[in-house]
Structure formats: C-alpha cells, structure tokens
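Here's a quick briefing to read with the model open beside you. It starts at one residue and works outward from there.

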Amino acid sequence: MLDWMGADSEHWADYYAVTVDRPAWRTVRLAIDRFREEDEASAARLRGDSGSVAPRYAVDLGCGAGRDTRELLRAGWRVLAVDREPAARTALEEAVEADLRAGLQIHIEDLATVAIPPCDMVNASLCLPFLAPEAFYPTWRRIVGALEPGARFAAMLFGDHDESASDPEMTCLSPDRTEAHLADFQIEHWSVEEDDRPTALGDPHHFHLVEFVARKRA
Ligand SMILES: C[S@@+](CC[C@H](N)C(=O)[O-])C[C@H]1O[C@@H](n2cnc3c(N)ncnc32)[C@H](O)[C@@H]1O
C-alpha cells in the first residue's frame, strides 16, 4: 500500500497505536488558547455576578485515537468525537483519563453524513481530505452551518501539491481555494508547509499541509 491510498481499518488501527500518545496539534491548542482568553475576559466582566460560564463544546471530526479530543477535555471542554472506525472508539476510550470521561461522547459515523450539532468549535485534523469531492463540499457546508458567529473552525488539510492529491477519492484543495471557502471567517492562524517526510507509519510521503484556525464573523 502506498501511504494513505486505500487506507483500510487495519491501517487506521496501526495509526492509532502509533499516534495515541502524540501531543495535540497546534491548531487545536491555539484555538483553545483563543477561547480561554475570551472566557477570562468575560469572567472578569461577570465578576460579582452569580452566573458561571458553561463548558465550551467542540466537535472533533476524524478524531482517530483522540490526541485533539483529549486536549480539549483537559481544557475543560465537552467533546463530541466522530470517526468512522470502531478502532478509534477503542483507542480513545482506553486513552482518555478516567476523570475526563464524563465530558466525552463518541459517534462512529461517516463524516459524509454525520449530523454536526451547533457548537463552539469544529476541529478537523487530517481527515476532511479523505472525503471525495461529492462528500467534501457538503460536509464543509455542514461544518460552517454548525458554527454561530464567534465560533471557530480549526483544521489541517492536505493541499493540492500533496502526494494524495492524485487520488480521485480524496479532496486536496490549493491554499487559495481553502482560503476562498473561509469567506465567512476571520482567519486567526494560517500555515502552509510542503516537504518530504515519513507518515506516522513510516511511509515516505510528499506533504503539503494547510492548517488554519478561523473565527466565524458576525
Ligand atoms: C490521519 S487520521 C487523523 C486522526 C486524528 N485527527 C489525528 O490527527 O491524530 C484520519 C482519520 O480520519 C478518519 N476518517 C477518514 N475518512 C473518514 C470518513 N469518511 N468518516 C469518518 N472518519 C474518517 C480515519 O478513520 C482516521 O481516524
């Protein structure tokens, strides 16, 4: 098998075993920091009131073994983690700290059809490009529709120079096209990197990574 192409359940189970203890991606960490700053500012405004700030709610699409999900839980968020692979549920349930389990819901569903509830953030690390175009664009629209003004979309995508871009079952947009699809958002973090390096499972791969954190405009 050539890196991602034809990735099957066995491939993803191996991927979870390798990545389960890896740190969360910087996109999700940056987004958490932005919300924390905003919540601290509003807590300062509310000081003296009896009101307390409700936990934030994130949907982590293509959660895998949950490196980002667990970072969100540790930051006090409630999380709906979604992945198509039952092995993702097993890996995540085994890895999540016992005192954080109450904040976690896991749905084993396809990103192409999963209902995305209204939430403070949709996080999608290295998963949306695995959708073919006919599923990618409707899923993107469902993500945008789930986010109210002030909510965030954090993602890592493969760009059009990525080796995966030749796979017709995947969608690897150019950075310009990704940016154009974020017209409803203020982009707070943006990074494009292109290099040759091994995948998590050690296969050589030409990577073109596009990552962003974006805040929905009013
Ligand atoms: C490269 S892994 C990334 C996992 C995790 N976000 C991370 O960064 O460690 C891609 C994940 O997307 C999931 N995935 C790919 N296509 C999917 C689909 N159509 N529906 C749901 N999950 C999907 C895979 O099962 C896998 O867990």
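Leaving out residues up to four places away in sequence, Ala91 touches Tyr16, Val20, Ala65 and Gly66. Keep in mind that this is a predicted model. Ala91 belongs to helix 4, and the points below follow its contacts out to the sheet, the core and the ligand.

**Ala91 and helix 4**

- Is Ala91 buried or exposed? Ala91 counts as buried because it has 23 C-beta neighbours inside 10 Å, and the cut-off for that is 20 or more.
- Ala91 and Ala13 sit 78 residues apart along the chain, yet 8.4 Å separates their C-alpha atoms.
- Helix 4 covers residues 86-95 and lies across strand 2 (78-83) and strand 3. Against strand 3, helix 4 runs at about 160 degrees.
- Leu92 has its own set of partners: neighbours within four places in sequence aside, it is in contact with Cys63, Ala65, Gly66, Thr69, Ala81 and Ile106.

**Ala65 and the loop before helix 3**

- Ala65, one of the residues Ala91 touches, is found in the loop between strand 1 (57-61) and helix 3.
- Why does Ala65 count as buried? It has 26 other C-beta atoms within 10 Å, so it passes the threshold of 20.
- Once residues up to four places away in sequence are set aside, Ala65 touches Tyr16, Thr19, Val20, Ala88, Ala91, Leu92 and Ala95.
- Sequence separation tells another story for Ala65 and Leu46: they are 19 residues apart in sequence and 37 Å apart in space, going C-alpha to C-alpha.

**Helix 3**

- Helix 3 (residues 67-74) is mostly covered, with seven of its eight residues buried.
- Which residues of helix 3 are buried? They are Arg67, Asp68, Thr69, Arg70, Glu71, Leu72 and Leu73.
- Gly76, just after helix 3, takes a positive phi of about 95 degrees.

**The sheet**

- Seven strands make up an open sheet with mixed pairing, and their order is 3-2-1-4-5-7-6.
- The edges belong to strand 3 (104-108) and strand 6 (185-198), each of which pairs on one side only.
- On average, and ignoring direction, neighbouring strands in this sheet are turned by 10 degrees against each other.
- Strand 1 and strand 4 run parallel and are joined by four bridges. Here Leu61 stands opposite Ala124 in strand 4.
- How many bridges join strand 4 (residues 119-125) to strand 5? There are six, and these two strands also run parallel.
- Between strand 4 and strand 5, Ala124 stands opposite Ala155, and Asn123 is opposite Ala154.
- Helix 5 (residues 133-146) packs on the sheet and touches both strand 4 and strand 5. Its direction makes about 145 degrees with that of strand 5.

**Burial in the sheet, and the turn after strand 4**

- Strand 4 is largely enclosed by the rest of the structure, because six of its seven residues are buried.
- Strand 5 is mostly covered too, with nine of its 12 residues buried.
- Leu126 is in the loop between strand 4 and helix 5. It has a positive phi of about 55 degrees although it is not a glycine.
- Leu126 counts as partly exposed because it has 19 C-beta neighbours inside 10 Å, and 20 would be needed for it to be buried.

**The nonpolar core**

- Which members of the largest nonpolar core touch the most other members? Out of 52 residues, they are Val79, Ala81, Leu92, Val122 and Ala155.
- Strand 5 (residues 147-158) gives the most to this core, contributing eight residues.
- Two names in that group come up elsewhere: Leu92 is in contact with Ala81, and both are in the group that touches the most other members.

**Around the ligand**

- The shell around the ligand has 19 residues, of which Gly62, Gly64, Arg84, Cys127 and Phe130 come nearest.
- Helix 1 (residues 9-19) gives the most to the shell, with three residues.
- By type, the shell divides into 10 nonpolar, four polar and five charged residues.

Notes: Residues are numbered from 1 along each chain as its sequence is written. This is a predicted model: local features need pLDDT of at least 70, side-chain atom pairs count only at pLDDT 80 or more; totals for chains, interfaces and linings use all residues. A residue is near a molecule or strand if its C-beta atom, placed from the backbone, lies within 6 Å of it. Ala, Val, Leu, Ile, Met, Phe, Trp, Tyr, Cys and Pro count as nonpolar, Asp, Glu, Lys and Arg as charged, and the others, Gly among them, as polar. A nonpolar core is a set of buried Ala, Val, Leu, Ile, Met, Phe, Trp, Tyr and Cys residues joined through C-beta atoms within 7 Å. Two residues are in contact if their C-beta atoms, placed from the backbone, lie within 7 Å. Two strands pair if DSSP finds at least two bridges between them. Axes are lines fitted to C-alpha atoms, for helices over the stretch in contact, and angles run from 0 to 180 degrees between N-to-C directions.
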